[in-house]
Amino acid sequence: MKAGTENASSKRVWLLVFILSILLILGGMAYGFWTFARGIMEAWQELQKGGVSPLQCLGNRACSRWFQDRAASRFDANLPYYLLPLLPLAALARVKLNEKPRKAPGMSRFATEGDLHRYLHGKERSGWLGLYQGKPLQYPKRVRFAHTLVLGQPGAGKTSRFYEPNLVMDALEGNSVVVIDLKWPNTQGFPRFIPFFESTGHRIELFLPYTEGTKKLPLLKDAADPLVAMEIAEGIIPVDQKTNVMSFYKEQERAILSVLLRLEATAGTGSLGRLVRLLKGGYEEVKSFVLDLGDERAKEEMGFFIDLHPNQRAGLIAGLLGKLQPFDDPRLEQATSRGEEEEEIDVTRLAREKTFFYIGIPQDQLMEGVGQVFLQMLVRYINRTLLREARHHGGRCPVPVIIYLDEWANLGYLPGMDVMLATVRERQIAYVLTLQNLHQGVKDYGEAEFRAIVNNLGHWVIFPYAISIEDRMYLSRFMGETTVYETAVGRGWKGAIPIFDPHLQVVEKEVARALLSPLEMNEFQEGQALVVGPGIYPVTAWLPRVDEPKIGGYKNPLYPYGKHLGKLREAPEEVMAEVERHLLAPREERKDTPLARFKEWVGAVLEGQYPVRLYRDPETLALTKIGVERQHLPEPLATPPFLPEWKRQDWVRLENNGKVITLLGKGMEVLPGETLKALERLGLAWKLIRWVKDHRNLVQGLSDEVEAPMAYFEEASLVIPESVYRDIFGEELPRVKELLSPKQSTRKGMKGVKLPAVVEYPWDNRDGNRQEPTQKPQGTQETPKRTSEKPAGSKYLDWLYE
């Protein structure tokens, strides 16, 4: 296209030259004739003034010579010499106009310095692509987020010569970085960069799921949303691009897994290990888990599973168990479940604050593809969280995020990888992917999908001397052909005895040949790479290690930053000390945090069995908030010292004119699952107590004389008719069954339900306005008054009185 445009432009120029040349020649000739004629006219006029006729002058030799000189006096004798160069110029222009368009046999070539102006001298550059003729070769900033593929077999230098220099540049430029390292606990690699990033003001986040003291990364944090739950399920059980005999079976597995993920994220602690244990319990455990939670949508979606033949149900459960096998490891379960706020890694902060996020996973945990499910969930969780955060900032991350996927093939198949790469580039998120050979990608994604993925990778960094034969052949075809001159020499011989004929014929012609043949790639030296990018010809660049002073005769500009990093290779104890410094401190050292105090306050509410109210989502019945009535709380429980900090963290807020302390969604997320269950159990019990208060004159055992009792309170249990039981709790019945364990009862021929008295105090004395009954039910005690004295025996309140 470019050649065609240049050819048309050239023809226009030569046409202009031809026209101008002809016009100048014609104009010069006209001017010469006009000056000669003018001289003749002037000589004629002078003859007439002298009374001499032209014939008389021509007959006179002296007059004739004068007439000729006078006529030629106006003509410039140099004019023909001025016009003479225009003749070959016009002829050349005419030849060029008739010239046919021509294209060389091969148009490929290596880039020159003029081609690389944006990469060598551009004002906005980022990252590192090596050295070109001693000058730093960097990404133009606008194409940094077009993603990069690094290709080379083990030992080529992908990590030391490309990843590490780019990490240095990211630290200096203030980018957020995510590194997934499958060589942990090898401290000679990426962990060395922890102090360097810290020195440039970066936050340090470490996720070491198989190391004690690591922070948590709750992979099911957003899975309460059915769409997110289905997305996670599709990541674990990918959708087949082409339907086959197993597609229907996989759809059933995805549907079951999606429901279980959503329920665990809603009612549990987001523990995938718990789901593994649930599946190990078999069909009955799964069925009870779904039905007891009372989620009508889940019941409907799981209806097909309940109706299946037992053998089919067993097969589906076994299939899901196989896919979730990595989370059977208690270390991984703990690292990927919800925890306290300071225990969790907030991925959204990567988009707002410059951060070094290191993820270290031992290679032996990925043997035979067992850990690929975990890695896939990890990458998709990070990607999903960053995209959501980018939407909150106008569609772009305020701080650019660079994600390095070392040994990309170890992650296995990531559904929608091509779409993901095309999407995140607009959000200032760049991926750097590493492959040992292209066949790894074809194996995981298939040829068609892998081509779609590599078409979204703007830059390729290739180590030609360290790639496979097949990749060399592909690269050679990809780089195309260049034009070279081929010389043919002909010699003549004559006679019976060969006598050399001095006449030679030498013919040169243009031919096409590969710009870089597979065997020529052997000439590349260690540290020399081929860079291919958008809009440029292939570039041969030097890639020095950060601790290498010189390479290819050129100084390494990163060496002042990298020489200390080089020394850390030989100091594993120092690197490990930096790692341990960023791990979580032992729990006993962290008792005074607002989160610890919040948990203790909730524990005190539970121990005191103070009134609480439950609020649910009308569609999913998931808890949205829990209200604790302050009027029944003793001081300082009613006004805890940490309340302002809890409100700032959005864990609680004051409602009903400050009469109620309400636990919000974020507050419930930071509580342990058992604590949340205990709160829900207490709330259900108080719902029953409120009904008893409103109908106490109909409850035998709480009033002196009841002529027609509706309910009976005896032996610390309440027996009520089944119809009343359903009216009280309505859609919450499944949660009541799970948390209060009601029992069927029949009294005087009427079916009823027997509920335990969860709250130990008399059910009718909490308001403080009613006289005590003459006979208190067994197991009751006085209501604690609101006081500033420390309640006896409380294990939660010591800090409130310090």
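Which residues point one way from S12, and which the other way?

## Basis of the model

This is a predicted model in which local features need pLDDT of at least 70 and side-chain atom pairs count only at pLDDT 80 or more, while totals for chains, interfaces and linings use all residues. Residues are numbered from 1 along each chain as its sequence is written, and side-chain values use heavy atoms, with hydrogens and water left out.

## Strand S12 and its partners

Gln 528, Leu 530 and Val 532 point one way from S12, whereas Ala 529 and Val 531 point the other way, and all are buried (under 20% relative accessible area, with a 1.4 Å probe and protein chains only). Because 5 of the 5 residues of S12 (residues 528–532) are buried, this strand is largely enclosed by the rest of the structure.

Strand S9 (residues 459–462) runs antiparallel to S12 and is joined to it by 3 bridges, with Val 461 standing opposite Val 531. Strand S13 (residues 539–542) also pairs with S12 in the antiparallel sense, over 4 bridges (pairing requires at least two DSSP bridges), and Gln 528 stands opposite Trp 542. S12 and S13 form a hairpin with 6 residues between them, and Gly 535 in the turn has a positive phi of about 80°.

## Packing of helices H10 and H11

Helix H10 (residues 247–267) packs against helix H11 (residues 272–280) at an angle of about 125°, with the axes 10 Å apart; the two are therefore oblique to each other (angles outside the classes under 35, over 145 and 65 to 115 degrees). The contact (heavy atoms within 4.5 Å) is made by Leu 260, Leu 261 and Glu 264 of H10 and by Leu 272, Arg 274, Leu 275, Leu 278 and Leu 279 of H11.

Key:
Axes are lines fitted to C-alpha atoms, for helices over the stretch in contact, and angles run from 0 to 180 degrees between N-to-C directions. Buried means under 20% relative accessible area, exposed over 50%, partly exposed in between (1.4 Å probe, protein chains only).
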